[in-house]
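Let's work through a few short exercises together. Keep the structure in view as you go, and try each task before reading its solution.

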Amino acid sequence: MSGPILIWGAGAIGGILGACLARAGHAVHMVDIVEDHVAAMRGPGLRIEGPVEEFTQVLPAFTPLELSGQYDTIFLAVKAHHTPGALDMLAPHLAPGGVVVSAQNGLNEKVIAERLGAERTMGCFVNFGADWLEPGRILYGNRAAVAVGELDGRRTPRAEAIHALLQIVEPEAVLTDNIWGYLWGKMGYGALLFCTALTPDSMSDAMARPEHRAAYLGLGQEVMALAAAQGITPLGFNGFDPVAFGSGDAAGMETAIQAMVAHNRKTAKTHSGIWRDLAVRKRKTEVDAQIGIMVSLGAELGVPTPRLARMVDLIHDIEEGRRAQSAALVDLLVTA
Ligand SMILES: NC(=O)C1=CN([C@@H]2O[C@H](COP(=O)(O)OP(=O)(O)OC[C@H]3O[C@@H](n4cnc5c(N)ncnc54)[C@H](OP(=O)(O)O)[C@@H]3O)[C@@H](O)[C@H]2O)C=CC1
Ligand SMILES: CC(C)(CO)C(=O)C(=O)O
């Protein structure tokens, strides 16, 4: 790896990665389509605030049209449904031997590998919480699990180098030989987060409701059945327990729910990114790119996903103004 690191999509996740790496002395360039945000990063700088740490970092920042040159290491941190469009813009800036690291939720690694080649794609899982507040301001809500690894599980010098970079941001970041396991663990946890976003409540308040337990357990079980049908062994983190959901172990799932509720009680990011897209940003969520793809996969593999499918419809209803966020929407997922 040589030359500056490029962060493509300098919002909540990309902003924190870029600011932390630059503060540690790495040359980092930021790219974002939000012009006011790009201007703010150049000066007065990107302000990271909240309970984890507070600092301001001035960063070389560009809109995609302003960017020139090629980069060996690019972290991609746009929302999953923006991945194809971002890759069109990013492709000319990836050096021939370079790599794109997906710091995103979903299975973007597949999209990147198809577009740029598997050998130019690295898998990454991030679970720390952050919110883009306004141009130049990001809330770093809590620390949480981070993992990185080659798509084929090999331990390579470049994976070690990316791991070392991520350890600057999260000292407990893991270099894994099972990145798909982490990504599918997050697909499971992510399905639960989408369910919390059907309501106006915080992640922990929504997930703690006993009358909605069956909805959360059913969603987690559907995702773990999809992972199992592909021969993937999902991994746990921050309270999410894939073994309990995969085996339908009632006591294990209850312990996992309690642990996830406790984890999310400690963050200054009280609501998920999905909730924020619906309630604050008033824009489309990643539901098709994260949950919709699992419904399609279920149809291909013959794995039933009735709750995931219903949830996609409910999120679309909120996005398109047919329904308002309400705890009553989760009632509709209690029975499959
Ligand atoms: N925030 C969090 O706590 C967590 C997020 N994630 C995942 O990380 C990924 C990034 O999320 P997050 O950082 O929250 O998202 P943000 O919306 O905060 O940041 C993404 C940024 O990329 C910009 N963007 C969109 N399209 C392009 C493009 N083609 N080229 C350059 N920039 C572009 C966006 O602009 P605009 O807003 O105008 O679209 C925005 O500024 C998602 O997959 C999310 O699910 C994972 C774990 C935690
Ligand atoms: C809530 C969080 C940060 C996971 O902890 C997340 O992934 C999201 O907001 O989508």
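**Exercise 1: two helices**

The crossing of α3 and α4 is right-handed, meaning that the near helix is turned clockwise from the far one by less than a right angle. Helices (H or I, at least four residues) and strands (E, at least two) are DSSP runs, numbered from the N terminus. This is a predicted model: local features need pLDDT of at least 70, side-chain atom pairs count only at pLDDT 80 or more, and totals for chains, interfaces and linings use all residues. Residues are numbered from 1 along each chain as its sequence is written, while chains are lettered from A and ligands numbered from 1 in the order in which they are written.

Task: find the angle at which α3 and α4 pack, and the residues that make the contact.

Solution.
- Step 1: α3 (residues 83-90) and α4 (residues 108-116) pack at about 35 degrees, with axes 10 Å apart. Axes are lines fitted to C-alpha atoms, for helices over the stretch in contact, and angles run from 0 to 180 degrees between N-to-C directions.
- Step 2: α3 contributes Thr 83, Pro 84 and Leu 87, and α4 contributes Asn 108, Val 111, Ile 112, Arg 115 and Leu 116. Contact means C-beta atoms, placed from the backbone, within 7 Å.

**Exercise 2: the sheet**

Task: work out why β5 and β12 each have one side without a neighbour in the sheet.

Solution.
- Step 1: the open, mixed sheet has eight strands, ordered β5-β2-β1-β6-β7-β8-β11-β12. Strands pair if DSSP finds at least two bridges between them.
- Step 2: β5 (61-62) and β12 (174-175) stand at the edges with a single partner strand each, so one side of each has no neighbour in the sheet.
- Step 3: further in, β8 (residues 121-126) and β11 (residues 146-150) pair antiparallel over five bridges.

Key. Contact = placed C-beta atoms within 7 Å.
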